Amino acid sequence: MREARRLLRLFRPYWNWMAAGVALSALTILSNIGLMAMSGWFITAMALAGASGSALNYFTPAALIRALAITRSGGRYLERLVTHEATLRLLARLRVWFFERLEPLAPAALQAERSGDLLSRARADVDTLNDFYLRLVVPVATAILVVATVVGVLSTISGVLAAVTLGWLVLAGVGVPWYLRQRAAPLGERLVNTTAQLRTGVVEHLQGMEELLVYGAAQRHAENLEALSVRQVATQVSLNRLNGFSLAIVTLAANLAALSSLLVLIPLVNAGSITPAELPAWTLLVVASFEAVAGLPMAIQQLGQVLPAAHRLFAIAERGPPVADPSMPRPWPKTTPGLEVRNLRFRYADRAAWALRNVSFELPPAGRLAVVGPSGSGKTTLVNLLVRFWDYSEGRILLGAHELREYSAEEIRRHMAVVSQHARLFTGSIRENLWLAAPGADAAALESACRTAQIHEFIAAQPQGYDTFVGEAGVQLSGGQMRRIAVAQALLKDAPFLLLDEPTEGLDPATEHELIAALELLMTDRSVLLITHRSTGLDNMDEILLLDHGEIVERGTHRDLMQRARRYRAFRHRRQEP
């Protein structure tokens, strides 16, 4: 139940909405109980009065019945309105809370996670917690309030009647849910895990369809998804059967409570303690009170799904960020600092091989440095260390005269623009994706950046222009178009440091030359670190570092390296470039 307590603490800012929803739910059920009891008394009293020929004031009870009916209907409407408003506020709070804890973990602390599983946690598991307040907190809190009120009222008539009714209510509201909890908890956990696996598999099936078809694994993967789907349906059927059984037991308990109440009330009528007209009134009150506990078995069943979903979220959220900010971050220098790396060493795990070993270089303000080398030589690792995705193991990285660790990661990333080989676009319009780099930038600024990035003509040719929908992860655009939008984002960000990580990888020659031309404009008056496999653009670099197995094996300008550096020439020859 630790997850339930954590959820309640997380939702504390909205306790007033939650309490209002519970109060309205209790008011609605009490109004319905009162309506049933008063209606039973009124019908019986009218029949007895007609049979005996005595007079009866029917105006007061008729008005009270109307008032209770109006209160029940109005209370139900307001209860739905308030509880759903509270639920939506809680879900919004939960989504923002989870994203705020997820974002600092990327990419270092999430590299072992499957993207489909993270998506399932962020969407499906959060949606499952929709039931925590609406299907769990409200029914339980309402049942406690209503049962306490009903038992208190019954005790004024007969202590035995109150005790008997309480016993049947406890059986229906505690005993049945406890039994259901024992049987449904494993099924609920299985349903959450199976659903998560199914969603993860579907995402990976769609995203990796090309590879699955190439390797002939699409059919086998589809069969795995089918097996998960069958298991999910079977688990849901088992839960539905348990729920139907629990409802039958609650109904039986209500009927047995009515019979028990009659056995207690009839002697009271014979003794003259209550009138004959009150007999059906109190009996109906007892039966109607079971409305308060009828939803508890279902609530406990939901608990079996809510707690595993909450556990999956907290398992991610509880992870500490891989890079901790200093307690007193240093402010960014007023003038653009130089970057210096001294004897840098890094590895991903304590016993893993070194990804970088004794790497040293200087990047002065407005300087240009290129890092080349085969895949796995540590080039991208270097970029990730500079933007503080990971923390370096040994050595120093200096901004100006101060250690990189003395600045907050957010401050560093604010002053470093990255154009990656994997351009990341969010589902939305081109304009909204550009605004990620410069929130609220006007149309003129967006157009200027896109013209420089040589993407404006394409955007202008679209029917929706800058409001063109890019699709999930930019699926509506080509790789070159996505990368040019990334260049436009870097222009809008206007950061003093520019990190280019394989910006032309996978592009055709024509698109590559167009992008290089855009990058040349982007590199003006900025400190540039270029990670590349290609020779295009290296003529304009102040220095080139050749990395191999995490070490700098050769360094110099492109011309010098081509004349004297054997390994650099061999590397270019393997790439089949001049």
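Arginine 388 is found in the loop between α11 (379-386) and β4 (394-399). In this predicted model, arginine 388 has a positive phi of about 65° although the residue is not a glycine. Its relative accessible area is 2%, so arginine 388 is buried. The points below take up a further positive phi, the packing of helices, the nonpolar cores, the salt bridges and two individual sites.

**Backbone and loops**

- Histidine 549 also has a positive phi, near 55°, in a residue other than glycine.
- The loop that holds histidine 549 runs between β9 (543-548) and β10 (551-556).
- Histidine 549 has a relative accessibility of 57% and therefore counts as exposed, whereas arginine 388, at 2%, is buried.

**Helix packing**

- Two packed helices are described by the angle between their axes and the distance between the axes.
- For helix α6 (residues 159-207) and helix α8 (residues 218-271), the axes come within 9 Å and cross at roughly 175°.
- Because of this crossing angle, α6 is roughly antiparallel to α8.
- The contact of α6 with α8 comprises 27 nonpolar, 15 polar and 3 charged residues.
- Helix α9 (residues 278-288) has as its buried residues Ala281, Trp282, Thr283, Leu285, Val286 and Ala288.
- These buried residues of α9 pack against α2 (15-52), α5 (130-155), α6 and α8.
- Helices α6 and α8 thus figure twice, in their contact with one another and as partners of the buried residues of α9.

**Nonpolar cores**

- In soluble globular proteins, nonpolar side chains tend to be buried together.
- The largest nonpolar core here has 46 residues, and Leu434, Val487 and Leu498 are those with the most contacts inside it.
- Helix α16 (residues 479-493) gives the most to this core, contributing 8 residues.
- A second core, separate from the largest, has 33 residues, including Leu7, Leu91, Leu110 and Leu307.
- Beyond its neighbours within four places in sequence, leucine 498 is in contact with Ala417, Val419, Ala490, Leu522, Met523, Arg526, Ser527, Val528 and Leu529.

**Salt bridges**

- Side chains of opposite charge can pair when their charged atoms come close.
- A search of the whole structure finds 19 salt bridges.
- One of these joins the side chains of arginine 89 and glutamate 85, at 2.9 Å from N to O.
- Arginine 89 and glutamate 85 are 4 residues apart in helix α3 (residues 59-102), so about one helical turn separates them.
- Both partners are partly exposed: arginine 89 has a relative accessible area of 32%, and glutamate 85 has a relative accessibility of 29%.
- Arginine 101 forms a salt bridge with glutamate 100, and the closest N and O atoms of this pair are 4.0 Å apart.
- The relative accessible area is 33% for arginine 101, which is partly exposed, and 48% for glutamate 100, which is also partly exposed.
- A further salt bridge brings together the side chains of arginine 451 and glutamate 457, with an N to O distance of 3.9 Å.
- Arginine 451 counts as partly exposed, at 44% relative accessibility.
- In addition to these pairs, Arg76, Glu79, Arg80 and Glu291 are linked in a network of salt bridges.

**Individual sites**

- Serine 408 lies in the loop between β5 (402-403) and α12 (409-414).
- With a relative accessible area of 13%, serine 408 falls under the 20% limit and is therefore buried.
- Leaving aside neighbours within four places in sequence, the contacts of serine 408 are Asp325, Pro326 and Pro329.
- Asparagine 358 has its place in strand β2 (residues 356-363) and is partly exposed, with a relative accessible area of 43%.
- Asparagine 358 and leucine 344 are 14 residues apart along the chain, and their C-alpha atoms are separated by 5.0 Å.
- Leucine 344 is also among the contacts of asparagine 358 outside four places in sequence, which are Asn343, Leu344 and Arg345.

Conventions
Residues are numbered from 1 along each chain as its sequence is written. This is a predicted model: local features need pLDDT of at least 70, side-chain atom pairs count only at pLDDT 80 or more; totals for chains, interfaces and linings use all residues. Side-chain values use heavy atoms; hydrogens and water are left out. Axes are lines fitted to C-alpha atoms, for helices over the stretch in contact, and angles run from 0 to 180 degrees between N-to-C directions. Helices (H or I, at least four residues) and strands (E, at least two) are DSSP runs, numbered from the N terminus. Angles under 35 degrees count as roughly parallel, over 145 as roughly antiparallel, 65 to 115 as roughly perpendicular and the rest as oblique. Ala, Val, Leu, Ile, Met, Phe, Trp, Tyr, Cys and Pro count as nonpolar, Asp, Glu, Lys and Arg as charged, and the others, Gly among them, as polar. A nonpolar core is a set of buried Ala, Val, Leu, Ile, Met, Phe, Trp, Tyr and Cys residues joined through side-chain atoms within 4.5 Å. Buried means under 20% relative accessible area, exposed over 50%, partly exposed in between (1.4 Å probe, protein chains only). Contact means heavy atoms within 4.5 Å.
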